[in-house]
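Got your viewer open? Let's take a short walk, one selection at a time.

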There are 2 protein chains.
Amino acid sequence: MAALPSDRLGFLLSFRGELTGARIRAALGVAGLHPRNAMTLMQLAPGAMSQRDLAAAMEVDPSQLVAILNELEADGLAERRRDPADRRRHIVKITEAGAAALGRVDAAVGEAERELFGGLTEAEQTLLRGLLDRVVVNPADHECGE
Amino acid sequence: MAALPSDRLGFLLSFRGELTGARIRAALGVAGLHPRNAMTLMQLAPGAMSQRDLAAAMEVDPSQLVAILNELEADGLAERRRDPADRRRHIVKITEAGAAALGRVDAAVGEAERELFGGLTEAEQTLLRGLLDRVVVNPADHECGE
DNA sequence: TATTGTTATACTCTATAACTATA
DNA sequence: TATAGTTATAGAGTATAACAATA
């Protein structure tokens with residue numbers, strides 16, 4: 001379902017968000033990476049962390065993260081090593097090659113944003129950011145029927 | 001992946017759009033309908049049309065629409081009848097029960113929008129709509145490699 | 001031969017629970 | 001007994017191609 005069925009603001013935001021996400025994912029894949037793998041590199045960029053904390057930060061199930069890290073490690077973009085202090089834990093760290101790939105990804109995302117928001121002035125982009133920040137305060141309430 | 005990995009505007013729009021979509025889908029399901037079935041009723045509300053045209057309007061594959069219409073028809077919310085002028089065609093029409101269900105759906109979506117955008121003034125909502133309308137002009141270019 | 005709707009198939013994504021090794 | 005990571009399984013969603021009826 002890709003066509004707007006009404007002129008409601010909620011639909012407009014949802015559909016434009018979807019299109020924007022598609023464009024961003026295309027940019028994330030520029031280095032030959034699966035978009036979610038590129039997202040994982042982004043999360044790892046500030047510093048190493050345990051696999052569990054990484055899953056929490058990304059809000060994905062730990063079991064999903066396993067496949068992502070297997071691929072990143074096979075490509076030499078990230079590495080897992082046992083935490084000597086607690087040998088159950090894996091410390092996940094981005095590699096130099098991973099940082100280089102992330103640099104290319106970041107450039108592609110920047111280019112995508114210039115395309116997406118190039119029609120807006122800097123002031124308008126700031127305005128849009130401010131308005132979006134004030135939308136959707138408690139989204140999860142209706143997912144699980146709280 | 002539900003957590004923002006950067007403060008980029010593209011990510012913000014994509015993620016807020018995702019959350020908004022989730023809230024809207026919850027509202028669409030209020031009448032016991034699958035969200036995409038409710039969307040289909042919305043498309044049918046203005047008037048009957050052929051199954052092919054309906055698929056085109058919704059931008060879904062005709063084969064996906066089959067299952068949707070089977071369910072809507074089983075629930076008595078829409079009906080298919082052969083086009084006498086071209087017996088290959090099905091004319092799809094919303095029923096009275098379908099229109100009633102759609103009324104409940106519409107009320108729920110309105111309530112969802114009041115929650116989502118209640119923090120914004122009417123003027124701000126209009127502003128947001130205007131800004132969103134000027135984003136993402138040619139989204140498909142990067143999906144299929146044009 | 002082309003078109004409309006349908007069916008069948010396969011592939012991705014996601015959610016869940018069971019399993020191991022360590023604590 | 002609880003926790004970190006892993007594996008296996010099943011479900012939803014989607015994309016594609018083959019098919020029957022009609023033009």
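Which atom of DNA strand D does a polar side-chain atom of A:Gln51 lie 2.3 Å from? Select A:Gln51 and look: the partner is a phosphate oxygen of the strand. Keep in mind that this is a predicted model.

Stay with DNA strand D and click on A:His90. Here a polar backbone atom is 2.9 Å from a phosphate oxygen of the strand. Now hop over to B:His34, where a polar side-chain atom lies 3.0 Å from a phosphate oxygen of DNA strand D.

Next, show everything around the strand. There are 17 residues, and those that come nearest are A:Gln51, A:Arg52, A:Ser63, A:His90 and B:Arg87. On the DNA side, sugar and phosphate make up 71% of the strand D atoms that come within 4 Å of the protein. Color the protein surface near strand D by residue type and you get nine charged, six polar and two nonpolar residues.

Time to leave the DNA and select the contact of chain B with chain A. Each chain brings residues to it: 55 from chain B and 55 from chain A. About 5500 Å² is buried between them, with carbon and sulfur atoms giving 64% of that area. Pick out B:Met1, B:Arg8 and B:Leu9: these three supply 12% of what chain B buries against chain A, more than any other three residues.

For a last stop, zoom in on A:Arg8 and B:Asp106. They form a salt bridge, with the closest N and O atoms 3.2 Å apart. Across this interface the rule finds eight salt bridges. Finally, highlight H1(B), which gives 18 residues, the largest share of chain B's side of the contact with chain A.

How values were computed: Residues are numbered from 1 along each chain as its sequence is written. Chains are lettered from A and ligands numbered from 1 in the order in which they are written. This is a predicted model: local features need pLDDT of at least 70, side-chain atom pairs count only at pLDDT 80 or more; totals for chains, interfaces and linings use all residues. Side-chain values use heavy atoms; hydrogens and water are left out. Contact means heavy atoms within 4.5 Å. Buried area is the accessible area (1.4 Å probe) that two parts lose on being put together, summed over both. A salt bridge is a side-chain nitrogen of Lys or Arg within 4 Å of a carboxyl oxygen of Asp or Glu. Helices (H or I, at least four residues) and strands (E, at least two) are DSSP runs, numbered from the N terminus. A residue is near a molecule or strand if one of its heavy atoms lies within 4 Å of it. A polar contact is a pair of N or O atoms within 3.5 Å; within protein, one must be able to donate a hydrogen and the other to accept it, and residues adjacent in sequence count only if both atoms are side-chain atoms. Ala, Val, Leu, Ile, Met, Phe, Trp, Tyr, Cys and Pro count as nonpolar, Asp, Glu, Lys and Arg as charged, and the others, Gly among them, as polar.
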